[in-house]
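Please walk through this protein with the model open beside the text, beginning at a single residue and then widening the view to the whole chain.

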Amino acid sequence: MLTLLLIVLAIAGLLVVMRREAGAPAALAVLGVLGLVGLLFDAEVIGVLLLIGAAAVAVAGLPALRRKWLTPRLFATFKKVAPKVSATERTALEAGSVSWDGELFSGKPQWEKLLAFKDDGLRDDEKAFLANQCAKAAGMCNAWDIAQERADLPQQLWDYLKKEGFFGMIIPKEYGGLGFSAKAQSMVLQKLSVNETLMVTVGVPNSLGPGELLLKYGTQEQKDHYLPRLSDGREIPCFGLTGPRAGSDATSLPDTGVVCKQTINGEEVFGLRLNFEKRWITLAPIATVVGLAFRLFDPEKLLGDEEDRGITLALIPRDTDGMEIGRRHHPIGSPFMNGPIIGKDVFVPLNTIIGGPDMIGQGWRMLVECLSIGRCITLPSGATGTARYALGWSGGFTRVRRQFNVPVAEMEGVQEPLARMAALAYISQATVYQTANMIDHGEKPAVPSAILKSQLTEFQRVLLSDAMDVHGGKAVTLGPRNYLGVAYSANPVAITVEGANIMTRNLMIFGQGAIRCHPYVLEELAAKDANDIKAFDKAFFGHAGLIFGNAARAFTLGFGIGKASVPFDGPAAAYAQDIARLSAGFGLCADAAMASLGSALKKREMISARLGDVLSNLYLTSMVLKQWQAGSKVEGEEALLHYCCRFLLQRAEQAFVEIFDNLPNRALGKTLNAVVMPTGRRWNKPHDDLARDIAKRVSTHSALRTKLLENTWDADDGEQRNPLARYNALLVDYDRAEAIYRTVNKAYAKGELPQTALHPEARVEAGLEKGLISAEDAEFMRTFETEVLEMLTVDDFAYDAFAKNKSTLIDHNGKPTPAPKQEEENIK
């Protein structure tokens, strides 16, 4: 009995020590004391075993002992197996900052650090810009007109964007810009997402482009010249990075610059001779100034002893001799300005280098640091705005579209995608807003930028697919009335650009985070590079303590023992506690994968992707909880919170299961499964009851629908009709209309109305004649049904409207053209 008790006490004591990461002395104390108890009270065998364990802990765990024999051997092995980090990889790893993503990697997230990012909201000028200028710009857009008739924005819209400073949102006011916060910039792009071309046109100059690069790295002379001109639209910028042979692997770009001298106007000028070929460059066809990335060489060593000077960035005026610019690519679904740029023997002076000669070779670092913020804002904001509009349109359409005498929104097959759309919109709004708030507090979130870009644009893909499904024929028939089809067809652009989602998910999220966000890996690699055995000992055994700690936390939390303390109450508390559990499991699995696969993990992209999926879903859930904690709640929002958190945590657990099932070391996979999920999976997909409740609220005039559609263009006050405003108006009147529908449909089913009254309008008139409804109700329904029919109507065109070459048009219903005589003979 005593033996069993000592075993239990030893396990419990060690689990407590491991959970707290108390170190070898604490473990030594537990084992030593229990061993002595065993020897003193006639449990010699277990006592001796516990004392042997204590001795092993002392030899391997106490710094004074282990540094004499264990650490040198471990250090030698580590130097052989540790992955090599290239200069470009190290630049990427050192760019940006680590914040909440690092907490999730630690396995013991400190929620207070997340909640410390207070939200001061938007400034008055930012709110006014959203309410006025953004609404005005949105109201000038019709998707069909822009995509099919013009292949461009209207001229008056271009003029308005320049006049109101849309291209200078990130530029400080002292240079003529708007000086907006990251949150305001995101909100602007969300509102402008009513049209994909509009959002991209405004988003790109305020993201990765010369403006941000000049702000951070430009010389004062460059700032003074360009920033005011970029702010007011006198200069339209683009940035040339990708090309035929350099896409996702931007560091492999083959474009070159060579340091040289050239005589200009009788004066010898130091400069660069550039040769480049760029593709897929947004705004290139109309750009007046081109940011350019290239590899700089100095074969004559005019600037120093190095020949290869590295990736460098320059800013080149459009009219520079030798540069060809102006042709267009045709982006799928959306005609935003995009095209190639080619340069042959283009000479530019040294002062065109962004930041001047001092920034030669710093281009990759400059780009990565800018990307860490830009990728958090532009495409994630566009995806979030699209989610708002798609949800608003879909909820309105499915409520007014009736089949089988009921709104299709009452059909469970439609309620399922409506609820999913609401959840993805809610998650996206919370994530992009809270991450932008971190940026406003000075963070440069590198790993979260990859999470937001890939996850939110994938959400956009699902949302638009769901929206197409519930709209049916309304959305698959293109024309001026179709507000959805163009956005749906343009979605692959968001999936592909600024780091294709396949690459981002498989390589970047975990691949960068495993080193950048891990509490110890970067220190271990730095110790290896510096050959500092003392620093390695500290980092390695701190790392070992973290592994044991995460194992203990994951295992005990899996049984519900010692739940994490979280600063949440109500429904959010349980989800925050489970994020702590899964964070510990994630930290353990990350270390297990790195230890078992070593440098081969780079090539095991599917495992890396699933580890990234766990991190992504924990990050997204955290942002939802932060938004819930900070914001005001409306009726029905709690159901949406439950749906979102269960949806995300179920996905995280699914990723864990796939990791366990696919680790090459099967024993390790089974062990991790037993430690991380000792009682099995905890989360199922959201319950149907939640879906039904949410779907009803987003398809009716409710507080939840109003909240989800905040910051959209929702007034019918533009140059173009606003379908969202028209649906909202119909939903306000819907309860009254539904009561009348029920009255006349019930009468028709009983045979009280003529059998020829097949349309709603006919039944209303018949019901009026029978005295079933009042004249006032009949007039109301005439107006209501006219608007409903308009929203259900699709466009049609002349037979020859789509043939660009009219000579190829076939008159299928005309008289057959007589075949030539020789052809007639052949037929016979």
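**From one alanine to the whole chain**

Once its neighbours within four places in sequence are set aside, Ala-609 is in contact with Arg-505 and Asn-506. This is a predicted model, and the contacts described here should be read with that in mind. Ala-609 itself sits in helix α24, which runs over residues 605-630. Its relative accessibility is 1%, and because buried means under 20% relative accessible area, Ala-609 counts as buried. A further reference point is Ala-500, which is 109 residues away from Ala-609 along the chain, while the C-alpha atoms of the two are separated by 14 Å.

The contact partners of Ala-609, Arg-505 and Asn-506, lead to an annotated stretch of the chain. In an unreviewed entry, UniProt places the feature "domain: Acyl-CoA dehydrogenase/oxidase C-terminal" at residues 361-507. In the model, the chain over residues 361-507 is 79% helix and 3% strand, and the C-alpha atoms at the two ends of this stretch lie 25 Å apart.

A second annotation concerns another part of the chain. The UniProt record, again an unreviewed entry, gives "transmembrane region" for residues 45-65. Over residues 45-65 the model is 95% helix and 0% strand, with the end C-alpha atoms 26 Å apart.

The domain assignment offers another way of dividing the protein, giving domain 1 as residues 1-61, domain 2 as residues 233-353 and domain 3 as residues 721-792. Between domain 2 and domain 3, the distance from one C-alpha centre to the other is 63 Å.

With these parts located, the view can be widened to the protein as a whole. Its secondary structure consists of 33 helices and nine strands, and its C-alpha atoms fill a box of roughly 105 × 90 × 75 Å along the principal axes. Of the 828 residues in the protein, 54% are buried, and Ala-609 is one of the residues that count as buried. If one considers the contacts between residues at least 6 apart in sequence, 75% of them join residues at least 24 apart.

The surface and the charges complete the picture. The accessible surface of the protein comes to about 36,200 Å², and carbon and sulfur atoms account for 55% of that area. The protein carries 90 positive and 95 negative charges, and the mean positions of these two sets are 5 Å apart.

Notes. Residues are numbered from 1 along each chain as its sequence is written. This is a predicted model: local features need pLDDT of at least 70, side-chain atom pairs count only at pLDDT 80 or more; totals for chains, interfaces and linings use all residues. Side-chain values use heavy atoms; hydrogens and water are left out. Helices (H or I, at least four residues) and strands (E, at least two) are DSSP runs, numbered from the N terminus. Buried means under 20% relative accessible area, exposed over 50%, partly exposed in between (1.4 Å probe, protein chains only). Contact means heavy atoms within 4.5 Å. Accessible areas come from the Shrake-Rupley method with a 1.4 Å probe; for residues, only the protein chains shown count as cover. Lys and Arg count as positive and Asp and Glu as negative; His and the chain ends are not counted. The place of a charge is taken as NZ of Lys, CZ of Arg, CG of Asp or CD of Glu. UniProt positions are given in the numbering used here, feature names are shortened, and annotations may be inferred rather than shown by experiment. Domain bounds come from an automatic or database domain assignment.
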